[in-house]
Amino acid sequence: MEPIELIFPCGADPERLDSFISRSVAELTRSAALRLIETGHATVNGQQQKPSIKLKGGETVTVTIPPPAPAQPQPEEIPLEILYEDSDIVVVNKGAGMVVHPGAGNAEGTLVNALLAHCKDLSGIGGELRPGIVHRIDKDTSGTLVVAKSDRAHNGLADQFKVHSIKRIYLALVYGSPKEERGRIESVIGRHPVERKKMSGTARHGKNAITHWRVEARYPGITLVRLKLETGRTHQIRVHLSEAGHPLLADEVYGGGSRLSQLKDPVLKQMIRAMGRQALHAKTLGFLHPVTGEYLEFDTELPPDMAGIIDYLEEKNRG
């Protein structure tokens with residue numbers, strides 16, 4: 001991977017090196033940043049430093065992320081909600097908080113670790129191209145996900161994702177009330193030029209992203225939105241809704257945190273705080289079975305945290 005160059009801004013409060021790197025590079029946790037510093041993969045003005053060194057302004061921090069170790073992820077007995085399974089694919093309802101694939105700082109507790117324990121015939125999970133995992137949803141997004149168990153299934157699903165023929169429907173709770181009932185958002189999404197943990201719809205380099213949306217229900221200060229993905233870029237829904245002025249509830253990265261203070265209802269505010277993750281659920285997934293050609297569609301209910309907020313808002317509306 002090409003080295004990442006970061007400039008610690010002049011005038012900012014002093015900050016530890018490991019903290020600054022983990023805050024600035026989306027792929028890295030604090031512990032992963034610590035390891036990179038200790039192994040010389042992260043330097044300050046070209047020199048290796050201690051993780052605890054305080055940056056004061058103007059320093060150039062260079063981060064080189066080495067390729068992932070080829071070690072096979074280990075099976076872990078983690079409960080899974082299986083929606084469908086045969087010899088070629090498995091469809092799961094992923095809970096919020098679970099990472100899909102092992103990576104920097106997430107070697108354990110992932111969906112892949114759980115699937116390796118659940119089914120022994122996954123197609124080579126752990127290789128450099130991550131065979132088996134054909135799409136992801138964010139750690140803190142809940143919902144439906146399909147995984148290939150054979151090379152033939154992996155290729156067939158990957159082809160469908162490539163031509164955007166997969167049906168993907170999400171439900172989201174957002175701040176504000178869109179002026180229209182439905183719409184289409186299109187932009188080029190790429191890495192944010194300054195905040196590397198974020199993606200941006202105004203990036204100079206990126207990939208085209210298209211999201212179709214419609215209003216499902218309106219409440220005071222909050223709207224339930226149905227979204228259909230035409231493409232599947234990293235953080236696509238979160239970026240599109242945030243940049244449209246309607247960030248997801250509890251999405252600290254894309255502006256949801258700062259909007260919480262505008263709500264007057266203390267009970268609602270506490271429910272959003274307690275959710276602790278962006279209010280986004282991958283509700284529906286439809287595709288052609290990559291081996292049989294049969295159309296399959298899976299639909300999941302909203303998890304209790306999002307459903308509870310909607311129930312509360314509905315009850316207030318009736319009152």
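**A tour from the H1/H2 contact to Leu 285**

In this predicted model, begin by selecting Leu 17, Asp 18, Ser 19, Ile 21 and Ser 22 in H1, which meet Arg 30, Ala 33, Leu 34 and Ile 37 in H2. By class, this contact of H1 with H2 is made of five nonpolar, two polar and two charged residues.

Now show both helices in full: H1 covers residues 17-24 and H2 covers residues 30-38. Their axes are 8 Å apart and the packing angle is about 120°, which makes H1 oblique to H2. The crossing of the two helices, H1 and H2, is right-handed.

Keep H1 on screen and add E1, E3 and E5. H1 lies across these three strands, E1, E3 and E5, and runs at about 65° to E5. The strands form an open sheet in the order E1-E5-E3, paired antiparallel. Strand E1 (4-7) and strand E3 (42-44) are at the edges; each has a single partner strand, so one side of each has no neighbour in the sheet. On average, neighbouring strands of this sheet are turned by 20° against each other, direction ignored.

Zoom in on E1 and strand E5 (residues 60-63), an antiparallel pair with four bridges. Select Glu 5 to find Thr 62 of E5 opposite.

Finally, go to Leu 285 in strand E14 (residues 280-288). Leu 285 has a relative accessible area of 1% and is buried. Beyond its neighbours within four places in sequence, the contacts of Leu 285 include His 135, Val 146, Ile 166, Arg 168, Leu 296 and Phe 298. Leu 285 and Ile 166 are 119 residues apart along the chain, with their C-alpha atoms separated by 7.2 Å.

Terms used:
Residues are numbered from 1 along each chain as its sequence is written. This is a predicted model: local features need pLDDT of at least 70, side-chain atom pairs count only at pLDDT 80 or more; totals for chains, interfaces and linings use all residues. Side-chain values use heavy atoms; hydrogens and water are left out. Axes are lines fitted to C-alpha atoms, for helices over the stretch in contact, and angles run from 0 to 180 degrees between N-to-C directions. Angles under 35 degrees count as roughly parallel, over 145 as roughly antiparallel, 65 to 115 as roughly perpendicular and the rest as oblique. A crossing is left-handed if the near helix is turned anticlockwise from the far one by less than a right angle, and right-handed if clockwise. Contact means heavy atoms within 4.5 Å. Ala, Val, Leu, Ile, Met, Phe, Trp, Tyr, Cys and Pro count as nonpolar, Asp, Glu, Lys and Arg as charged, and the others, Gly among them, as polar. Buried means under 20% relative accessible area, exposed over 50%, partly exposed in between (1.4 Å probe, protein chains only). Two strands pair if DSSP finds at least two bridges between them.
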